[in-house]
Amino acid sequence: MSNLSDVQKKFFINVLLATSFTFSISQSAMTTIYPTLMKHFSVPISSVQWLTTGFMLIMVLMMPLSPWFLKNINFKAFLLSLQAIFIIGTVIAVTASNFALLMVGRLLEGIAVGLLFPSFQSVILSITPIEKRSIQMGSVGLVMGSALAVGPIVSGVILQIFNWQAVFGFFLLILVVLFFLSLKFIKNVMPKEPYRFDLLSSVTLIGLLMILYALQTMTTSLSLWLIIMLVAGIVLFAYFIRRQLTLQEPLLDIRVLKNAAFRLGMFLTAGSYVALIVTTVLMPLYFQKILAINALWSGLLMVPAAVSLSILNRRSATVLNRFGLKRTMTIGSGMIFTGFFGLFATSNLKLWLLAVIFAALVESGNAFMMMPAVTYANNALKDDLIPHGTALITTVRQIAGVIGVLIISQILVTISSPAQVSIHGMMVSFAVCAVFAAVLLSLVLNIKNTKNA
């Protein structure tokens, strides 16, 4: 970005972050309107959950492809194409007359989001000096983490005033504005390094989708077909991994996993993301189904968590630079554990204030986990490997998020049966989250004390 003025740099980064923020909001905004969609389309929670799960699955499928697009297509054309795909998907969702069309719209949105998330982080990391990356990634964390927290709030407020279509209309309006801003302010800042697109690798990536789909469906039914799909998916994905290790120019260079610091950062950011995404799924259901709070107030009660996460994300870089990775992660994982344990211990009291406080603790802890871990991981790589490293981190993070949501949703539905959501189901779900957070904390405490950790 040395060829850009300071003003151009500012607009470039802000438009890129605003696009990512809007994309990220769409990931969690559905949770607040689940009850409305269940009633409108006459579908159970297990079906409406696919608006989030299917969205995340297609994201996962797209993420490993992002390094190729980033190195073979001018960045401006790439970003505009992703915005256009998202807009088309949103138009389909707004006009959907049945649940299937709504799902199609969400999947198109997921394609755009899956390709953008690794790419915009790679761009920011690549154009930022290494000594300033932690500060810049604090802004990235603010965008991604806060957007996930803000999603239920935005959809809750809109739903209270308008209808569920207006939630998608909100995304549509913002993305159209950002599309035209991108035409003016986005520049081709990434050097093109063309290499062959390995079609076979992209095809075998379907194995990952088959694995996740089979696991999701097995939670409600078990059949020989699903077992065959799961085995076939494992075989295909194993071949994908093997092929990446043998190709001279792999679609996704997973050899970055040989770097111990990169592996550590990747697993820590995945763990923190699971805690964040599960919270955005559980809390609106707890507020609406257990506390009988309407969609508007359900969204507003998530504001403290979103605000605290936003504030602390801006502070995370300072904490990381001053105290190192281990202490920063200990603070974050400790907050996540305390929050989940508090939700488990007090959820039966049905006091909204306690729920708000403990949910805020969980989400705030993410500020000291996710982006510091991403920065730590990518700083261990050479610049030309950053797109691959970022793509791998975001892919693993999303896989972890999908599996986390699948597990916790199945626990909630199973324990709540015959009701779809019950207080007992919520308590068990929070207890499982607390155990997970305790494991995450123990892993952090076992990090060796080094200069970088």
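Contact, as used here, means heavy atoms within 4.5 Å. The structure is a predicted model, and this report looks at one of its helices, its nonpolar cores, a surface patch and two loop residues.

**Helix α11**

Helix α11 runs through residues 206-218. With 13 residues at 1.5 Å a residue, the helix should span 18 Å, and its end C-alpha atoms are 18 Å apart, so the expected and modelled values agree. Its buried residues are G207, L208, M210, I211, L212, A214, Q216 and T217. These buried residues pack against α3 (45-48), α4 (50-62), α10 (199-204), α12 (224-246) and α18 (386-416).

**Nonpolar cores**

In soluble globular proteins, nonpolar side chains tend to be buried together. The largest nonpolar core in this model has 142 residues, and the members that touch the most others are L102 and F287. The greatest contribution to this core comes from helix α13 (residues 260-290), which gives 16 residues. Leaving aside residues up to four places away in sequence, L102 touches L37, F41, L51, A93, A96, W164 and F168. A second core, separate from the largest one, has five residues, among them M210, I211, M229 and L230. Of these, M210 and I211 are also among the buried residues of α11.

**A nonpolar patch on the surface**

Nonpolar residues are found on the surface as well: L222, L224, W225, I227, I228, V231 and V235 form a patch there. Together they have about 760 Å² of accessible area. One of them, L224, belongs to helix α12. L224 has a relative accessible area of 63%, and because a value over 50% counts as exposed, this residue is exposed.

**Two loop residues with positive phi**

Most residues other than glycine have a negative phi. S42 has a positive phi, near 55 degrees, and is not a glycine. A292, also not a glycine, has a positive phi of about 55 degrees. Where do S42 and A292 lie, and are they buried or exposed? S42 is in the loop between α2 (30-41) and α3, while A292 is in the loop between α13 and α14 (295-300). S42 is exposed, with a relative accessible area of 65%. A292 is likewise exposed, at 68% relative accessibility.

The table sets out the exposed residues named above.

| Residue | Place | Relative accessible area |
|---|---|---|
| L224 | helix α12 | 63% |
| S42 | loop between α2 and α3 | 65% |
| A292 | loop between α13 and α14 | 68% |

Conventions
Residues numbered from 1 in each chain as written. Predicted model: local features only at pLDDT ≥ 70, side-chain atom pairs only at ≥ 80, totals over all residues. Heavy atoms only, no water. Helix = DSSP H or I, 4+ residues; strand = E, 2+ residues; numbered from the N terminus. Expected span 1.5 Å × (residues − 1). Buried < 20%, exposed > 50% of the residue type's maximum accessible area, 1.4 Å probe, protein only. Core = buried A, V, L, I, M, F, W, Y, C linked by side-chain atoms within 4.5 Å. Patch = residues over 30% accessible without salt bridge, like charges linked within 9 Å, V, L, I, M, F, W, Y side chains within 5 Å. Areas by Shrake-Rupley, 256 points an atom, 1.4 Å probe, with all protein chains shown as cover. Salt bridge = Lys/Arg side-chain N within 4 Å of Asp/Glu carboxyl O.
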